[in-house]
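This note is addressed to a colleague who is opening the structure for the first time. Please keep the sequence and the model at hand while reading the points.

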Amino acid sequence: MATLQLSAEVRNARLDALEIAIGPSPILELRSGALPENCASPSSGMLLARGALPVDWLGEAEEGIKSKAGNWVLKGLDGIPDSNIGHFRIYASSNPATCFVQGDVTGAGNGGAMVVDNALIRAGQIVAVLLFELIDGNS
């Protein structure tokens, strides 16, 4: 098996480039069900919550890890049934039709790519993202 290792500086630069490509205040969607096959696939599941993230939504990359910055809080959309959040999608505010990042969502202690305070959402309920980290490989 081939081995490739990158310095922390290179891994940090790749993560910083992702934040620059998406831009400030991206749109976060929380959806029910399994995530689509990839970001180019159409959205799946029911849209449960949607809102803008902070202008500076990710912290500085360190040792190949970039974590959420600020408070990420969304409100359950009016009229949705009580539902489990299954996945998220992130869109650039300048290009809200193109998914840039997606992953699974779990409640605390369950190891999702995004961890929320309560994975069961109701109409009007506030949901806070507790953990979101991008980890660059090849260390």
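The numbered points below treat strand pairing, two glutamines, the salt bridges and a pair of cysteines.

1. Status of the model. The structure under review is a predicted model. Every value quoted here should be read with that origin in mind.

2. Strand β10 and its partners. Strand β10 spans residues 126-135. Strand β3, residues 65-67, pairs with β10 in the antiparallel sense over three bridges. Within this pairing, I65 has I135 as its bridge partner in β10. Strand β4, residues 73-75, is likewise joined to β10 by three bridges, and the two run antiparallel. Here V73 has A128 of β10 as its bridge partner. Strand β8, residues 114-116, forms an antiparallel pair with β10, again over three bridges. In that pair, V115 stands opposite L131 of β10. As a general remark on such elements, side chains in a regular strand alternate between the two faces of the sheet.

3. Q125, just before β10. Q125 is placed in the loop between β9 (120-121) and β10 (126-135). Is Q125 buried or exposed? Its relative accessible area is 17%, and Q125 is therefore buried, the limit being under 20%. Leaving aside residues up to four places away in sequence, Q125 touches L74, K75, G76, N118 and L120. Two of these contacts, L74 and K75, can be looked up within the range given for strand β4 (residues 73-75). A polar atom of the Q125 side chain also lies 2.9 Å from the backbone nitrogen of R122. By contrast, G107 is 18 residues from Q125 along the chain, and the C-alpha atoms of the two are separated by 15 Å.

4. Q102, within β7. The second glutamine, Q102, lies in strand β7, which covers residues 95-107. Q102 is buried, with a relative accessible area of 16%. Which backbone oxygen lies 3.0 Å from a polar atom of the Q102 side chain? The atom in question belongs to P36. The backbone oxygen of N38 lies 3.5 Å from a polar atom of the same side chain. The contacts of Q102, not counting residues up to four places away in sequence, are L35, P36, E37, N38, C39, F88 and R89. P36 and N38 thus appear both in this list and in the polar distances given above for P36 and N38.

5. Salt bridges around E29. How many salt bridges does the model hold? The count comes to six. E29 takes part in a salt bridge with R31, at 2.9 Å from N to O. Both residues are buried: R31 has a relative accessibility of 10%, and E29 has a relative accessible area of 5%. The side chain of E29 also meets that of R50 in a salt bridge, with an N to O distance of 2.9 Å. Because R50 lies in strand β2 (residues 47-52) and E29 in strand β1 (residues 27-31), the pair ties together parts that are 21 residues apart in sequence. R50 counts as partly exposed, at 37% relative accessibility.

6. Further salt bridges. R122, whose backbone nitrogen was mentioned with Q125, forms a salt bridge with D82, the closest N and O atoms being 3.2 Å apart. R122 is in the loop between β9 and β10, while D82 is in the loop between β4 and β5 (83-84), so this pair ties together parts that are 40 residues apart in sequence. At 40% relative accessibility, R122 counts as partly exposed. Elsewhere, a network of salt bridges links D16, E19 and K66.

7. C39 and C99. A disulfide is a covalent bond between the sulfur atoms of two cysteines. How many disulfides are counted in this model? The count is zero. The cysteine sulfur closest to that of C39 is in C99, at 3.2 Å, which is too far for a bond because a disulfide requires the sulfur atoms to be within 2.5 Å. Seen from C99, the closest cysteine sulfur is that of C39. The two residues are placed in separate accessibility classes: C39 is partly exposed, with a relative accessible area of 25%, whereas C99 is buried at 9%. C39 is also one of the residues touched by Q102.

Conventions. Residues numbered from 1 in each chain as written. Predicted model: local features only at pLDDT ≥ 70, side-chain atom pairs only at ≥ 80, totals over all residues. Heavy atoms only, no water. Helix = DSSP H or I, 4+ residues; strand = E, 2+ residues; numbered from the N terminus. Buried < 20%, exposed > 50% of the residue type's maximum accessible area, 1.4 Å probe, protein only. Contact = heavy atoms within 4.5 Å. Polar contact = N/O pair within 3.5 Å; in protein donor to acceptor, adjacent residues only side chain to side chain. Pairing = 2+ DSSP bridges. Salt bridge = Lys/Arg side-chain N within 4 Å of Asp/Glu carboxyl O.
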